[in-house]
Amino acid sequence: MAGVVIGDHGTPSEMMAVAAEVGYSETAFLEPTDDRMVWNTRYFAPQMEVDFCGHATIAAGSILRTQFCAGTYLLRANVGEISVERTLGDDGDVRVHTYIGRTSRSDRSDAALSTALPALGCGTTDLDPAIPTAISSPA
């Protein structure tokens, strides 16, 4: 689960405090622009700002469609522009589609993995050896 907060949010320390109060691993903060389909977006964990959070982006797309109107929303985030669209499938299930644009992918280093896993509360035994690890970032 992820939090979504809509409106003017103040300083980064204030957003971090709200993220801690919300209590999820990350919270998306959406600030409207003059165009109701474009939102300035920042993501905060209770301890820090993060550049991107997939599940908070999906939650944001769902909330925007529910609270406002159908269509494709543009989220302006640290990683660039992310388009988000919420639709209903033929089976009636809600689907949220996201597109981040170009990313680059590189092999991960052992040092990066040894730093990332503890930060995520994981160890190497939590990884599926059939799925290679990599580093992905905005291009």
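Which residues form a nonpolar patch on the surface? In this predicted model, the patch consists of Ile 6, Ile 63 and Phe 68. Together these residues have about 240 Å² of accessible area. Phe 68 sits in the loop that runs between helix H2 (54–67) and strand E5 (72–77). The relative accessible area of Phe 68 is 44%. Phe 68 is therefore partly exposed, as this value falls between the 20% and 50% limits.

The interior was examined next. The largest nonpolar core contains 18 residues. Tyr 43, Leu 75 and Ile 82 have the most contacts inside this core. Several elements contribute to the core: E2, strand E3 (38–44), H2, E5 and strand E6 (80–88) each supply at least two residues. Helix H2 and strand E5, which flank the loop of Phe 68, are thus among the elements that build the core.

Tyr 43 has an extended list of contacts beyond its neighbours within four places in sequence. Leu 75 and Ile 82 are both in contact with Tyr 43. Contacts also reach Val 50, Asp 51, Phe 52 and Cys 53, among others. Ala 56, Thr 57 and Ala 77 are further partners of Tyr 43. Thr 27 and Ala 28 touch Tyr 43 as well.

Thr 27 belongs to strand E2 (residues 27–32). Its relative accessibility is 0%. Thr 27 therefore counts as buried, the limit being under 20%. Residues up to four places away in sequence aside, Thr 27 touches Gly 3, Val 4 and Val 5, among others. Ala 19 and Val 22 are also in contact with Thr 27. The remaining partners are Arg 42, Tyr 43 and Phe 44.

Arg 42, a contact of Thr 27, also takes part in a salt bridge. The count of salt bridges comes to two. In one, Arg 42 pairs with Glu 49, with the closest N and O atoms 2.9 Å apart. Glu 49 is in addition a contact of Tyr 43. Arg 42 has 29% relative accessibility and so counts as partly exposed. Glu 49 is likewise partly exposed, at 29%.

The other salt bridge joins the side chains of Arg 76 and Glu 81, at 3.8 Å from N to O. This distance satisfies the cut-off, because a salt bridge requires the two atoms to be within 4 Å. Arg 76 is partly exposed, at 40% relative accessibility. Glu 81, at 46%, is also partly exposed.

Technical notes
Residues numbered from 1 in each chain as written. Predicted model: local features only at pLDDT ≥ 70, side-chain atom pairs only at ≥ 80, totals over all residues. Heavy atoms only, no water. Buried < 20%, exposed > 50% of the residue type's maximum accessible area, 1.4 Å probe, protein only. Patch = residues over 30% accessible without salt bridge, like charges linked within 9 Å, V, L, I, M, F, W, Y side chains within 5 Å. Areas by Shrake-Rupley, 256 points an atom, 1.4 Å probe, with all protein chains shown as cover. Helix = DSSP H or I, 4+ residues; strand = E, 2+ residues; numbered from the N terminus. Contact = heavy atoms within 4.5 Å. Core = buried A, V, L, I, M, F, W, Y, C linked by side-chain atoms within 4.5 Å.
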